[in-house]
Amino acid sequence: MGAFLLRRCGQSIILLFLVSIIGFAALNLAPGGPLSQYALTPGMTQEAMQRIATQMGLNRPLPVQYFDWLSHLLRGDWGRSYRDGQPVLSIIFSHLPATLLLMCTSMVFSIAIGVWIGIQSAIKRDSPFDRFATMGAMVALSIPTFWFGLVAIYFFALKLQWLPAGNMYTVGDGSLLDVLRHLVLPVLVLTFVDVAIWSRYMRTATLEVINQDFIKTARAKGVPPRRVLLKHVVGNALLPMITLAGMQLPTILGGALVAETVFTWPGMGRLFLDSLGYSDYPVVMGLLMCSAILVLIGNLLADVITALVDPRIRPA
């Protein structure tokens, strides 16, 4: 196991290095750039633009800019925002709690509901419940998240006026109940889509386990059906879900992108879009590296947990 972890850590470092190169090059070679914000200022001259570029270090060759950024990153300095000069890490950490609250809440509901629906669909295969669950999953996966979010705002916030339309809390309030009321709609939208994914995966995994010989043997020995389901079927069907859960970790940034924009939720997804529109490349690169780190950590944790739970795939 130790050699496996060392090998995976080495691979992760190489992948992070490649991601940083591709991301840095793609941002800096794209049209526009940080100086485009200053070009719109009335009375801005070419000499002033050159002076700003020198102060920001943008007149240097791209490889020099990259290795300068990388050297600071390795020392724990993720740079400063072009917009307000604040440290990138402090900006990310200030938006992280809102995203964690939104994504973790929706993930808990998605896993709980999706796994239950998947198991019920598998043990009641081709029943009306299974057909309804399959049709509902297809509808959920076909509807764009932003459209469902807008529909939810229209009915629950504008027509019925049961819930607030957006933001994380009401200005001047900020109580726990107020935050929970603002949390309902974005969690509802994200859960609606994620439940479809989890239920489909769980249904497939459960059907594969049900048809295994050891399940038939347990039934032939007279093991109670409830024990067969909970101990043998569900226990083995959940193993692939561990890998899926690890892959879901990067959605802390990506999955929140649309929901946070629609509901003006002050999280990392909205920060990414705002920073990209402002050409705030240090913040964008910081978020990109955070997302890449989450991908690698999620995959590593999924592999380790699966190996600990299932000795059959444990590395030598």
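This section describes the fold, the annotated membrane spans and the salt bridges of a predicted model.

The chain is helical throughout its assigned elements: 13 helices and zero strands. Read from the N terminus, the order is α-α-α-α-α-α-α-α-α-α-α-α-α. The C-alpha trace spans about 85 × 60 × 35 Å along its principal axes. Of the 316 residues in the chain, 39% are buried. The accessible surface comes to about 17,500 Å². Carbon and sulfur atoms account for 68% of that surface. Contacts were also examined by sequence separation. Among those between residues at least 6 apart in sequence, 72% join residues at least 24 apart.

The UniProt record, an unreviewed entry, places the feature "transmembrane region" at residues 12-30, 88-117, 138-159, 179-198, 237-263 and 283-309. Two of these spans were compared with the model. Residues 12-30 are 95% helix and 0% strand. The end C-alpha atoms of residues 12-30 are 27 Å apart. Residues 179-198 are 100% helix and 0% strand. For residues 179-198, the end C-alpha atoms likewise lie 27 Å apart.

Helix α5 covers residues 88-123. UniProt's span 88-117 starts at residue 88, as does α5. At 1.5 Å a residue, the 36 residues of α5 should span 52 Å. The end C-alpha atoms of α5 are 50 Å apart, so the model agrees with the expected span. Helix α5 nevertheless bends, by about 35° at Leu-96. A proline, Pro-97, follows within four residues.

The structure holds two salt bridges. Side chains of opposite charge can pair when their charged atoms come close. One bridge joins the side chains of Asp-130 and Arg-203, at 2.9 Å from N to O. Asp-130 lies in helix α6 (residues 128-142) and Arg-203 in helix α8 (residues 176-210), so this pair ties together parts that are 73 residues apart in sequence. Both Asp-130 and Arg-203 are buried. Helix α8, at residues 176-210, takes in the annotated span 179-198.

The other bridge joins Asp-68 and Arg-60, at 3.7 Å from N to O. Where do its two residues stand between buried and exposed? Asp-68 has a relative accessible area of 29%, so it counts as partly exposed. Arg-60, with a relative accessible area of 32%, is also partly exposed. The two bridges thus contrast in setting: Asp-130 and Arg-203 are buried, whereas Asp-68 and Arg-60 are partly exposed.

Conventions. Residues numbered from 1 in each chain as written. Predicted model: local features only at pLDDT ≥ 70, side-chain atom pairs only at ≥ 80, totals over all residues. Heavy atoms only, no water. UniProt positions renumbered as here; feature names shortened; annotations may be inferred. Helix = DSSP H or I, 4+ residues; strand = E, 2+ residues; numbered from the N terminus. Expected span 1.5 Å × (residues − 1). Bend = angle between axes of the 7 residues up to and from the residue. Salt bridge = Lys/Arg side-chain N within 4 Å of Asp/Glu carboxyl O. Buried < 20%, exposed > 50% of the residue type's maximum accessible area, 1.4 Å probe, protein only. Contact = heavy atoms within 4.5 Å. Areas by Shrake-Rupley, 256 points an atom, 1.4 Å probe, with all protein chains shown as cover.
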